[in-house]
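Please work through the exercises below with the sequence and the model at hand. Each task is followed by a solution in steps.

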Amino acid sequence: MDSWGHVPGTAGMGRRRFLGYVLAASTLTVAAELGEAVLAPEEAAAVVPSAPGPAEIYDLNDMLTDAALPTANLITIRIDSDGTASFALPRAEVGQGITTSSAMLIAEELDLPLERIRVTLADARPELLFNQLTGGSNTTISTFTPIRVAAAVARGRLLRAAALELGAAVDTLTTRAGVITSTATGRSLTYGELAEKAASVTTGQVSVALKAAAEFEVIGTAQPRIDAREAVTGRKKFAMDLHIPDALPTMVCRPPTVNGTVRSVENLAEVRAMPGVTDVVAVSTGVAVRGRTFGQCIDAVRALKVSWGPGTADAKSDDTVRDELNRAELPLPALDLLTKSVDTRFTFHFASNSALETNCAIADVRDDSAEIWGSLKSPIVAQEQIALKLGLPVAAVKVHVTEGGGSFGRKLFYDAAAEAAEISRAMGKPVKLMWHRTDDFRQGRTHPMATSRVRATYALGQVLTYDQRHTSVATDFGHGVGEIITAQAARLPVGDLTFSETIFALSQQTPYDFGVVTQLLGEADKGFNTGSMRNIYSPNVRCAQELVVDELAGRMGKDPYRFRREFLKDERARAVLDKVAAVGAWGRSMPAGTAQGIALHPEYHAYVAVLAEIDCRPETTGRTVRDAYTGPRVTKVVCAVDVGLAVNPRGLEAQMMGGIMDGIAITLSSGLHLDNGHFLEGSWDNYFYTRQWNTPPELEIVVMPPTSGQPGGAGELAVAGAAAAVACAYGRATGTMPTSFPLNHAGPLGFEPLPTSPPIPASPTDGLDRTY
């Protein structure tokens, strides 16, 4: 075993050769051609008694990676005369740390310090096709080899240029920290001195070999974020920090029910005359107001008297939607009366993506062109659709991708950018559009309400069948993934399914040998604005499954941890499960009303196991002055994660921590109450995301040693594992399996809902009075 903890020959990529390009440019510019760089996934061998499901053979991440392959050679790295490397990442940085991990890949192969690498976000580039969509925890997987190949091409080209300048053979030169040195003469040249000499007047193909894992000095080491200083000093630029000429603050008065429409405005002239207000216009989503400050916009929005038309969810409530879902549930197989069964239905209520940054975008639309700025995870689709709505050629619409303050699936959609473009065209002026927090909760995209019916049969110590029928309010996949599914349809192992069913089949799997396994999705009700929340279907589906696993273990007289271990298919899954059980002291004695829960989640060639401890005793549950939520408190979490190869273990730990907080929230406290066509939550005061008092004081993340030479997906991995572990802990602490989530949803509301029209609090306190 080497210093990485590898068993020799089982992990790490050898020195295979890859193709790249040296591009014609004034200074050295290079690109990668994938070729064999990303191998087709190996088919999982059938395991008796459970055959592999579609996601175990070819999953959503594989589909996204394959879709990116044809244009990988359009991703370029440039070496400038100051010795820095510049890379425009065709993905969205929304806090997940991909600019840092991408810089690390360049630093590794180029032998250049991290601080000499400049990673920016690429504008929308239609020629990239499906290679500019951020989602499915795919960025590191799909760019891991192309970025390294491009960097290796650059290093090779610099070495050849140095050999000519120094009069030395290439194999006598070394590279270190952006300097090439001749071992024979001791003479050195910097990358900056060689940038122009290494450039090419024509584009040519070259072959390179990448470093083997044993040679890594950057990849696999814990690195701080390259943007950390800018973030903590307030210098980091988000969309609302940009100063675009004449783009003034803009907000929208929105309808009281989901997707309501404007019938008339009674006091248009009066509002237009309010201090600071420059424009008021009706648009498809409400009435837009542009002013000198956001505070003045809010005053104007509150003053508007609008007559609203019906929406798409009028008169609907949690109960009516649940009834609709129950009616739409797909049938289960006939039950064999000779077996025993666990048969349960779970309910998961609407939820918010909970991004700290609300929807926002800047737009400057003119007669023959448009320019958009925003945090967009599918900028090509945004560019195409905005051009279509404006009646402009795609080339006339420029879309600039800014860094975002969180997403969790929300920024896959370009709602704010499209709305800003519509408003700018209607006003004939640039606008800086920001949604209020209440807009996000009540009119934004939501994670759809769903039910999950699970039946597992067992006999003689074996689980014979596992059937799950997940029924959801329809999820909108019109953000670009649907186009990828259409393009990749012939190779997908799922047959002729809808977009939603395909995503479900390619993302859901069970890690256990449970005999004949079926997991199917049904949908109902397209009247809501929905989208993919972090981890898509998995937090709901896996939470239901892990609770049933606990129930099966109890009925069969087995310990929940050992029961899981017995039925697991994969050794990597068993390793993370064993690790959290050992580190978390599984089975230790605990007071009544408290308990441990344990759960596992496989996804995107990665595994996570989570052990959670919960305190459900009434005398110890938390409450703060500003927080009306009282309920169970998670006191400890241990997480073990195996992503194959962790490019940046420190970044991976941060992803796991964030996912754990998401999992705690959606299990215990974070949900939206639908009542008469609108959601009651309207601020952070009453949308109870994980609070400081409910953040586990004991939190340990264990990053497992590398188990392969390729990274797996990590951005969403911990959410489902944590949600399930917390739910299982609650079930063991109370003695009752929970079946409705979040757990506080059925209790007292705990807050006074904000008025529905206009849906903006009277006293904004989030810095909205700045002048632009």
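The exercises treat confidence, the nonpolar cores, one helix, two cysteines and one sheet.

The model is predicted, so local features need pLDDT of at least 70 and side-chain atom pairs count only at pLDDT 80 or more, while totals for chains, interfaces and linings use all residues. Residues are numbered from 1 along each chain as its sequence is written, and side-chain values use heavy atoms, with hydrogens and water left out.

**Exercise 1. State the average pLDDT and find a stretch below 50.**

Step 1. pLDDT is the predictor's confidence in each residue, from 0 to 100. The protein averages 90, and 92% of the residues score at least 70.

Step 2. Residues 35–48 have a pLDDT below 50. Residues 763–772 likewise stay under 50.

**Exercise 2. Describe the largest nonpolar core and the helix that gives the most to it.**

Step 1. A nonpolar core is a set of buried Ala, Val, Leu, Ile, Met, Phe, Trp, Tyr and Cys residues joined through side-chain atoms within 4.5 Å. Buried means under 20% relative accessible area, exposed over 50%, and partly exposed in between (1.4 Å probe, protein chains only).

Step 2. The largest core has 70 residues, and Leu552 and Phe563 are among those with the most contacts inside it. Helix α19 (residues 717–734) gives the most, with 10 residues. Helices (H or I, at least four residues) and strands (E, at least two) are DSSP runs, numbered from the N terminus.

Step 3. Of the 18 residues of α19, 15 are buried. Gly735, with a positive phi near 80°, follows α19.

Step 4. Contact means heavy atoms within 4.5 Å. Leaving aside residues up to four places away in sequence, Leu552 touches Val342, Ala456, Tyr458, Val463, Phe514 and Phe563.

**Exercise 3. Determine how many disulfides the structure holds, and where Cys543 stands.**

Step 1. A disulfide is a pair of cysteine sulfur atoms within 2.5 Å. The structure holds 0 disulfides.

Step 2. For Cys543, the nearest cysteine sulfur is that of Cys728, 6.9 Å away. Cys543 is buried, at 1% relative accessibility; Cys728 is buried, with a relative accessible area of 1%.

**Exercise 4. Give the strand order of the open sheet and identify its edges.**

Step 1. Two strands pair if DSSP finds at least two bridges between them. The 5 strands lie in the order β24-β23-β22-β15-β31, with mixed pairing.

Step 2. The edge strands, β24 (516–524) and β31 (740–741), each pair on one side only.

Step 3. Strand β15 (residues 340–348) runs parallel to β31, joined by 2 bridges. Phe348 stands opposite Phe741 in β31.
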